[in-house]
Amino acid sequence: MGLLVMNSSVSCLSPPSSPSSNKYYRFLSHQFNSNIRSSSPSRLLMMSSSSSSGAATHHHRHRSSTTTTKELVGNTKITFCYGRSGEATIEKTHSMAPQKLEIFKSLEGWAEHNMLMHLKPVDRSWQPSDFLPEPESEEFQDQVKELRERCRELPDEYLVVLVGDMITEEAIPTYQSVMNSLDGVGDETGASLSPWAVWIRAWSAEENRHGDLLNKYLYLSGRVDMKQIEKTIQYLISSGMDAKFENNPYNGFIYTSFQERATFISHGNTAKLAKNHGDLKLAQICGTIAADEKRHETAYTKVVEKLFEIDPNETIQALAATMRKKIKMPAQFLYDGQDDNLFKHYSAVAQRLGVYTAKDYADILEFLVGKWGVEKLSSGLSGEGRRAQDFVCGLPLRIRKLEERALERTKSRSSIDAIVPFSWVFGREIEV
Ligand SMILES: [Fe+2]
Ligand SMILES: [Fe+2]
């Protein structure tokens, strides 16, 4: 998992720069006594309102919900939270039928042999210090100087994308929590020996190095505002993410397959750009991280492949449901205490630089549909399963058409869409 941005110019794929999430940020701003510039009555009302929501997540507790209702549909608990504006957010939990737990139990032997092999043992893993100046060395100061020389030519717009990617990687506690919320595969004790739990811990430990390395490199570069970046990380981990897994491992493994491939693509692109800008060390760093993401993609896509083999009807419906909800990016709640649309702006720069685009989104889906043989599924599908199959197979083309239309709209605009200051680069302005 890791960074991840989505094209903000394609409306059907846009992440929720949602009013409700912004209310939450404002609450946090208040809670942490940060600098809130606006004191409009509505904003103050939002900050002072207390939620009556009994929703299970930290995130939802801080929304300005006034009423909630809960319904049990089968095994699935659905919570409706109605805000002051009447908007409703729906939380679905534990949507997998209890009898399916047996499937994941029975796959433990398979996971041990087919998933854990894609982890690298610690003593054969790279560490951030392999790529950084050596503080114990006499040459430390010279090495730092060289690093700063190399970074000098990196444009602000590139730095903004790299910072956004790094911050997203730094929110690893969130991703580990979300994975552990999955029924049948989560780590029940904190040190469970189930291969699913072993994977989640070791995967998180591998991911942890990504944010660590990028953070230290950017810190030494002197090109970015570390205090603002650190605030953004604290906000992001506090906000969590809204992946809509419903504690359902089918959804979780489909989502992570998508995300790992997306991070493989985007880190690969920041590597290429670093090379173009003359920082070969940074290119090596981004490329090394991308290679980790590729291994993770292989492991997660293998799990989904196996689920398609033994339970195609459930798996195709989970894939369709995941795509209908759209892949919400881990950094959807990005906030620096200043820009209410920070995720949208960061995504727009990533799109413009070609680091992660709407085309990549469609490409990933098409790749996964091909890899999992979704078009060829025939036996074991119910009517609903077939409808899900049709929807998923037709989706990449629909996304591409929307992307083309969005591009045309962009081209027909005569001038730059907007220039936005980014606190991460000391408020310097960047085209979005
Ligand atoms: Fe990864
Ligand atoms: Fe990562």
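Lysine 216 is partly exposed, at a relative accessible area of 38%. The exercises below work outward from this residue through a predicted model.

**Exercise 1. Find the salt-bridge partner of lysine 216 and place the pair.**

Step 1. Start with the accessibility. Lysine 216 has a relative accessible area of 38%. The partly exposed class runs between 20% and 50%, so the residue belongs there.

Step 2. Find the partner. The side chain of lysine 216 meets that of aspartate 212 in a salt bridge, 2.8 Å from N to O.

Step 3. Place both residues. They lie in helix α9, 4 residues apart, which is about one turn of the helix.

Step 4. Classify the partner. Aspartate 212 has a relative accessible area of 25% and is partly exposed.

**Exercise 2. Describe the salt bridges that involve lysine 359 and glutamate 366.**

Step 1. Take lysine 359. Its side chain meets that of aspartate 363 in a salt bridge at 2.8 Å, N to O.

Step 2. Locate the pair. Lysine 359 and aspartate 363 sit in helix α15, residues 358–371, with a spacing of 4 residues, about one turn.

Step 3. Classify the two. Lysine 359 is partly exposed at 42% relative accessibility. Aspartate 363 is partly exposed at 24%.

Step 4. Turn to glutamate 366. Its side chain forms a salt bridge with that of arginine 400, with an N to O distance of 3.0 Å. Glutamate 366 belongs to α15 and arginine 400 to α16 (residues 383–412), so this pair ties together parts 34 residues apart in sequence.

Step 5. Check burial. Glutamate 366 is partly exposed, with a relative accessible area of 42%. Arginine 400 is buried at 18%, because the buried class covers values under 20%.

**Exercise 3. How many salt bridges does the structure hold, and which residues are linked in a network?**

Step 1. Take the total. The structure holds 21 salt bridges.

Step 2. Name the network. Salt bridges link Glu206, Arg209, Asp292 and Arg295.

Step 3. Recall the principle. Side chains of opposite charge can pair when their charged atoms come close.

**Exercise 4. Work out how α8 packs on α9.**

Step 1. Get the geometry. Helix α8 spans residues 172–180 and helix α9 spans 195–221. Their axes come within 10 Å and cross at roughly 165 degrees.

Step 2. Assign the orientation. Angles over 145 degrees count as roughly antiparallel, so α8 is roughly antiparallel to α9.

Step 3. Add the handedness. The crossing of α8 and α9 is right-handed.

Step 4. List the contact. From α8 come Ile172, Tyr175, Gln176, Met179 and Asn180. From α9 come Ile200, Arg201, Trp203, Ser204, Glu207 and Asn208.

Step 5. Sort by class. The contact of α8 with α9 has 5 nonpolar, 4 polar and 2 charged residues.

**Exercise 5. Repeat the analysis for α12 and α13.**

Step 1. Get the geometry. The axes of α12 (residues 280–310) and α13 (residues 312–325) come within 6 Å. They cross at roughly 130 degrees.

Step 2. Assign the orientation. That angle makes α12 oblique to α13.

Step 3. List the contact. Val304, Leu307, Phe308, Glu309 and Ile310 of α12 meet Pro312, Thr315, Ile316 and Leu319 of α13.

Step 4. Sort by class. Here the contact has 7 nonpolar, 1 polar and 1 charged residues.

**Exercise 6. Where do glutamate 246 and phenylalanine 426 lie, and is each buried or partly exposed?**

Step 1. Set the expectation. Most residues other than glycine have a negative phi.

Step 2. Examine glutamate 246. Its phi is positive, about 55 degrees, although it is not a glycine. Glutamate 246 is in the loop between α10 (226–239) and α11 (249–276). It is buried, with a relative accessible area of 13%.

Step 3. Examine phenylalanine 426. This residue, also not a glycine, has a positive phi of about 60 degrees. Phenylalanine 426 lies in the loop between β4 (419–422) and β5 (428–431). It is partly exposed at 47%.

**Exercise 7. Summarise the whole protein by its helices and strands, burial and contacts.**

Step 1. Count the elements. The protein has 16 helices and 5 strands.

Step 2. Take the burial. Of its 432 residues, 56% are buried.

Step 3. Take the contact range. Among contacts between residues at least 6 apart in sequence, 75% join residues at least 24 apart.

Terms used
Residues are numbered from 1 along each chain as its sequence is written. Chains are lettered from A and ligands numbered from 1 in the order in which they are written. This is a predicted model: local features need pLDDT of at least 70, side-chain atom pairs count only at pLDDT 80 or more; totals for chains, interfaces and linings use all residues. Side-chain values use heavy atoms; hydrogens and water are left out. Axes are lines fitted to C-alpha atoms, for helices over the stretch in contact, and angles run from 0 to 180 degrees between N-to-C directions. Helices (H or I, at least four residues) and strands (E, at least two) are DSSP runs, numbered from the N terminus. Angles under 35 degrees count as roughly parallel, over 145 as roughly antiparallel, 65 to 115 as roughly perpendicular and the rest as oblique. A crossing is left-handed if the near helix is turned anticlockwise from the far one by less than a right angle, and right-handed if clockwise. Contact means heavy atoms within 4.5 Å. Ala, Val, Leu, Ile, Met, Phe, Trp, Tyr, Cys and Pro count as nonpolar, Asp, Glu, Lys and Arg as charged, and the others, Gly among them, as polar. A salt bridge is a side-chain nitrogen of Lys or Arg within 4 Å of a carboxyl oxygen of Asp or Glu. Buried means under 20% relative accessible area, exposed over 50%, partly exposed in between (1.4 Å probe, protein chains only).
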